[in-house]
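User: I would like to go through this model by way of its helices and a few individual residues. Please reason each point through before giving the result.

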Amino acid sequence: DDFVWKIGGNFCVSALYKLMNFSGRKYDGFMRMWSFKAVPAKVRIHMWTIMHNKLNTVKRLRLKGVHVTGGCVFCNDDDEDYMHLFLDCDFAFYVWTKCLVSLNICLDWSHFISDQFLFWNSTIITLPDTDMRHMFALLNFAYVWILWHERNSRKFKCKMKRPNSVIFRILNFVSLWSGKEEIRFVDTIGARVMDRARGSRA
């Protein structure tokens, strides 16, 4: 008997990899991600790890059979996976919304929250101009990098920063990578805006 590749085209390892990881769908953003040369390679690799659900969160470690005590260091939720850590946690959501407002980026919350890590192919194209799309991409890199470091600092070193300090660090990285002057932190998110955003997450 012979093995026959019927998916389309000639068999190659990269085609099998895409099929196994993305069900055959093509995500151009995975390639575009590496084009942000101003972002350090370690930060881009970190984003790649998240997008492929390889980040060693509490939930992932438990699925591997590792005994892990505690959960989310920000809100004490026991089920810490990457979606909770970067999207659903109240601390993370507060930081994220403040960053968006500081960069003057407005998004459809319900659409965005559901697919943050596929923004390369979906959410990012809804932004009105090239500069805003670029800043939004840099924000994503800085956000997941700094939040993960803050998570580890709290978990392993028992050191914590206030939310606004975390936001300042994120915006400083965006400013550094974009080559723009220091970005002003806008601390003026009204309760009505926050309530509307939270309502769309329900």
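User: Which residue with a positive phi follows helix 8?

Analyst: In this predicted model, the place to look is the loop between helix 8 and helix 9. The residue there is not a glycine, yet its phi is positive, near 55°. Most residues other than glycine have a negative phi. The residue that follows helix 8 with this positive value is cysteine 158.

User: Is cysteine 158 buried or exposed?

Analyst: A residue counts as exposed when its relative accessible area is over 50%. The relative accessible area of cysteine 158 is 70%, and the residue is therefore classed as exposed.

User: Where is asparagine 76, which also is not a glycine and has a positive phi, and what is its relative accessibility?

Analyst: Asparagine 76, whose phi is about 70°, is placed in the loop between helix 4 (58-63) and helix 5 (82-88). It counts as exposed because its relative accessibility is 69%.

User: What span should helix 8 have, and how far apart are its end C-alpha atoms?

Analyst: Helix 8 covers residues 130-156, which makes 27 residues, and at 1.5 Å a residue the expected span is 39 Å. The separation computed between its end C-alpha atoms agrees with that expectation, at 39 Å.

User: How many of the residues of helix 8 are buried?

Analyst: Being buried requires a relative accessible area under 20%. Helix 8 is mostly covered by this criterion, and of its 27 residues the number buried is 20.

User: How are helix 3 and helix 8 oriented to each other?

Analyst: The axis of helix 3 (residues 41-51) comes within 9 Å of the axis of helix 8, and the two cross at roughly 85°. On the helix 3 side the contact is made by Lys42, Val43, Arg44, His46, Met47 and Ile50, while helix 8 contributes Asn140, Phe141, Val144, Trp145 and Trp148. By class, these residues divide into seven nonpolar, two polar and two charged. Angles from 65 to 115 degrees fall in one class, so the orientation of helix 3 and helix 8 is roughly perpendicular.

User: At what angle do helix 6 and helix 9 cross, and which hand does the crossing have?

Analyst: The axes of helix 6 (residues 90-102) and helix 9 (residues 163-178) come within 10 Å and cross at roughly 45°. This angle makes helix 6 oblique to helix 9. The hand of their crossing is right-handed.

User: Which residues of helix 9 are met by helix 6?

Analyst: From helix 6, the residues taking part are Phe91, Tyr94, Val95, Lys98, Cys99 and Ser102. The contact as a whole has nine nonpolar, two polar and one charged residues. On the helix 9 side, the residues met are Pro163, Asn164, Val166, Ile167, Ile170 and Leu171.

User: How far apart in space are arginine 154 and valine 73?

Analyst: Arginine 154 is in helix 8 and counts as buried because its relative accessibility is 14%. Leaving aside neighbours within four places in sequence, its contacts are Val73, Phe74, Phe91, Lys159, Met160 and Lys161. Although arginine 154 and valine 73 are 81 residues apart in sequence, their C-alpha to C-alpha distance is 6.6 Å.

User: What is the relative accessible area of glutamate 80?

Analyst: Glutamate 80 lies in the loop between helix 4 and helix 5. Beyond its neighbours within four places in sequence, this residue is in contact with Thr57, Val58, Lys59, Gly71, Cys72, Leu85 and Arg151. Glutamate 80 is classed as buried because its relative accessible area is 0%.

Notes
Residues numbered from 1 in each chain as written. Predicted model: local features only at pLDDT ≥ 70, side-chain atom pairs only at ≥ 80, totals over all residues. Heavy atoms only, no water. Helix = DSSP H or I, 4+ residues; strand = E, 2+ residues; numbered from the N terminus. Expected span 1.5 Å × (residues − 1). Buried < 20%, exposed > 50% of the residue type's maximum accessible area, 1.4 Å probe, protein only. Axes fitted to C-alpha atoms, helices over the stretch in contact; angles between N-to-C directions. Parallel < 35°, antiparallel > 145°, perpendicular 65-115°, else oblique. Left-handed = near helix turned anticlockwise from the far one by under 90°. Contact = heavy atoms within 4.5 Å. Nonpolar A, V, L, I, M, F, W, Y, C, P; charged D, E, K, R; others polar.
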